[in-house]
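Trainee: Could you take me through one part of this model up close? I'd like to hear how the helices meet, and then what the strands beside them in the sequence are doing.

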Amino acid sequence: MSALRVIEVPHTALPEDTLRGLIEEFVTRSGTDYGPVEKTLEQKMADIRRQLVRGEAKIVFDPDTDTANIVIADSI
């Protein structure tokens, strides 16, 4: 994603099923590390949702690739 072209999308702007799907896709990516304690899918999803609410993570949309992603807030 080009940092200059991404559009930040408030998590509250997405329908619940879309937000859940985006969060689920994010937490199930291979290579995602959640530390020494294994968490359930629901726990991982709840963690990301809390990060979105607190502003620690953001949803960005890249119009060039027509894709959305969740990123750490200070990386955009």
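Mentor: Here's a walk through the helix contact, followed by the strand pairing. Keep in mind that this is a predicted model. Start with helix α1, residues 16–27, and helix α2, residues 41–54: their axes come within 9 Å and cross at roughly 110°. An angle from 65 to 115 degrees counts as roughly perpendicular, so that's the label for α1 against α2. As for handedness, the α1 and α2 crossing is right-handed. Now look at who does the touching. From α1 you have E16, L19, R20, I23, E24, F26 and V27; α2 answers with L41, E42, K44, M45, I48, R49 and L52. Sort the residues of that contact by character and you get 8 nonpolar and 6 charged, with no polar ones.

On to the strands. β2 covers residues 57–62, and it pairs with two partners, β1 and β3. With β1, residues 7–9, the pairing is antiparallel over 3 bridges. To find your place there, pick out I7, which stands opposite F61 of β2. With β3, residues 67–72, β2 is again antiparallel, this time over 6 bridges. A handy marker on that side is V60, whose bridge partner in β3 is N69. β2 and β3 make a hairpin, with 4 residues between the two strands. Have a look at D66 while you're in that turn: its phi is positive, about 60°.

Note on methods: Residues are numbered from 1 along each chain as its sequence is written. This is a predicted model: local features need pLDDT of at least 70, side-chain atom pairs count only at pLDDT 80 or more; totals for chains, interfaces and linings use all residues. Side-chain values use heavy atoms; hydrogens and water are left out. Axes are lines fitted to C-alpha atoms, for helices over the stretch in contact, and angles run from 0 to 180 degrees between N-to-C directions. Angles under 35 degrees count as roughly parallel, over 145 as roughly antiparallel, 65 to 115 as roughly perpendicular and the rest as oblique. A crossing is left-handed if the near helix is turned anticlockwise from the far one by less than a right angle, and right-handed if clockwise. Contact means heavy atoms within 4.5 Å. Ala, Val, Leu, Ile, Met, Phe, Trp, Tyr, Cys and Pro count as nonpolar, Asp, Glu, Lys and Arg as charged, and the others, Gly among them, as polar. Two strands pair if DSSP finds at least two bridges between them.
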